[in-house]
Amino acid sequence: YDEQLDSILKRTFPYSTYEGQTQWGNAFYSKHSIESVQVLSIPIGKCLPLASISIKGKSVTLFGCHLSSNNYVDAKTKLEVDDISTHGEAKQYLATWEKGYRSRRQDVDSLALQLADVDMSRLIALGDMNDIGGSYTIRAFGAMGLKDAWWKGGFGLGGTRKVFGFPFRIDHIMYGDGLQLYGVKDVDTNGLSDHDAVVAKFGIN
């Protein structure tokens, strides 16, 4: 991610939370003016942007998240499940799986506290949440008053990350009651990313 990509995106989306750097790879680009940007901190160390955008006089809040992964043995060592070839590596990965679950639980519990004063009715929380539908992570967002766009309007598995050839839906779009879901789909990134994209269209109530 660099200034060259930023200049390309701003040709279509002139407003951005990007100011020479992203919050752990997260940035919003918009055709509409961005009223405010707040950077939230979570226990595992990632910083995430919360942006308020004005659309025809109505305010919509966007929250981008990239929650803790199952793949990190420590801060510097990453163990991809596709690369596991020995019993020892499999055992180590299972340990990181449990560690990732605990980390995401801390992340989302912290976010619930920081978002307590935010109007959830027009909030969209989206990103790589590294967890599947029905998990503690997704249930916690539901307890905040947000709905799962794929569960409400998607068709099929909606897998965004393949593990051993099986699709898992770990990228999500959650939204509040003040927004009307018109449609949601997954988009094949054709190798540009190890994840496929999720795109949703909303109306504002």
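## A walk through the model

Start by selecting Asp-119 and Ser-121: their side chains are joined by a polar contact of 2.7 Å. Keep in mind as you click around that this is a predicted model.

**Stop 1: around Asp-119.** Zoom out a little and you'll see that Asp-119 sits in the loop between helix H2 (87–114) and strand S6 (123–128). Now add Gly-176 to your selection. Asp-119 and Gly-176 are 57 residues apart along the chain, and their C-alpha atoms are separated by 8.8 Å.

**Stop 2: the largest pocket.** Next, select Ala-27, Phe-28, Tyr-29, Leu-126 and Val-198. Of the 41 residues that line the largest pocket, these lie nearest its centre. The space in there comes to about 1,600 Å³.

Which element gives the largest share of this lining? Color strand S12 (197–204), because that's your answer: S12 supplies eight residues. Other elements that each bring at least two residues include helix H1 (3–9), strand S4 (47–55) and strand S10 (171–175). Try coloring the lining by class, too: you should get 24 nonpolar, 12 polar and five charged residues.

**Stop 3: Asn-26.** Go to the loop between strand S1 (15–16) and strand S2 (29–30), where you'll find Asn-26. Is Asn-26 buried or exposed? Its relative accessibility is 14%, and the cut-off for buried is under 20%, so Asn-26 counts as buried. To see what surrounds it, show Leu-48, Pro-49, Gly-64, Cys-65 and His-66, which Asn-26 touches, leaving out residues up to four places away in sequence.

**Stop 4: helix H3.** Select residues 136–143, which make up H3, and pick out the buried ones: Tyr-136, Thr-137, Ile-138, Ala-140 and Phe-141. What do they pack against? Show S5, H2, S6, strand S7 (147–148) and S10, and you have the set. Then step just past the end of H3 to Gly-145, which takes a positive phi of about 100 degrees.

**Stop 5: Ile-84.** Finish in the loop between S5 and H2, home of Ile-84. This residue is partly exposed, because its relative accessible area is 22% and that class runs from 20% to 50%. Beyond its neighbours within four places in sequence, Ile-84 is in contact with Glu-89, Ala-90 and Tyr-93. For a last look, select Ile-84 together with Met-144: they are 60 residues apart in sequence and 37 Å apart in space, C-alpha to C-alpha.

Terms used
Residues are numbered from 1 along each chain as its sequence is written. This is a predicted model: local features need pLDDT of at least 70, side-chain atom pairs count only at pLDDT 80 or more; totals for chains, interfaces and linings use all residues. Side-chain values use heavy atoms; hydrogens and water are left out. Helices (H or I, at least four residues) and strands (E, at least two) are DSSP runs, numbered from the N terminus. A polar contact is a pair of N or O atoms within 3.5 Å; within protein, one must be able to donate a hydrogen and the other to accept it, and residues adjacent in sequence count only if both atoms are side-chain atoms. Buried means under 20% relative accessible area, exposed over 50%, partly exposed in between (1.4 Å probe, protein chains only). Contact means heavy atoms within 4.5 Å. On a 1 Å grid over the protein atoms alone, a cavity is a set of points where a 1.4 Å probe fits but cannot get out, and a pocket is an open set with protein on both sides within 12 Å along at least five of seven lines; lining residues have an atom within 4 Å of a point. Grid points are joined across faces, edges and corners, and a volume is the space filled by probe spheres set on the points. Ala, Val, Leu, Ile, Met, Phe, Trp, Tyr, Cys and Pro count as nonpolar, Asp, Glu, Lys and Arg as charged, and the others, Gly among them, as polar.
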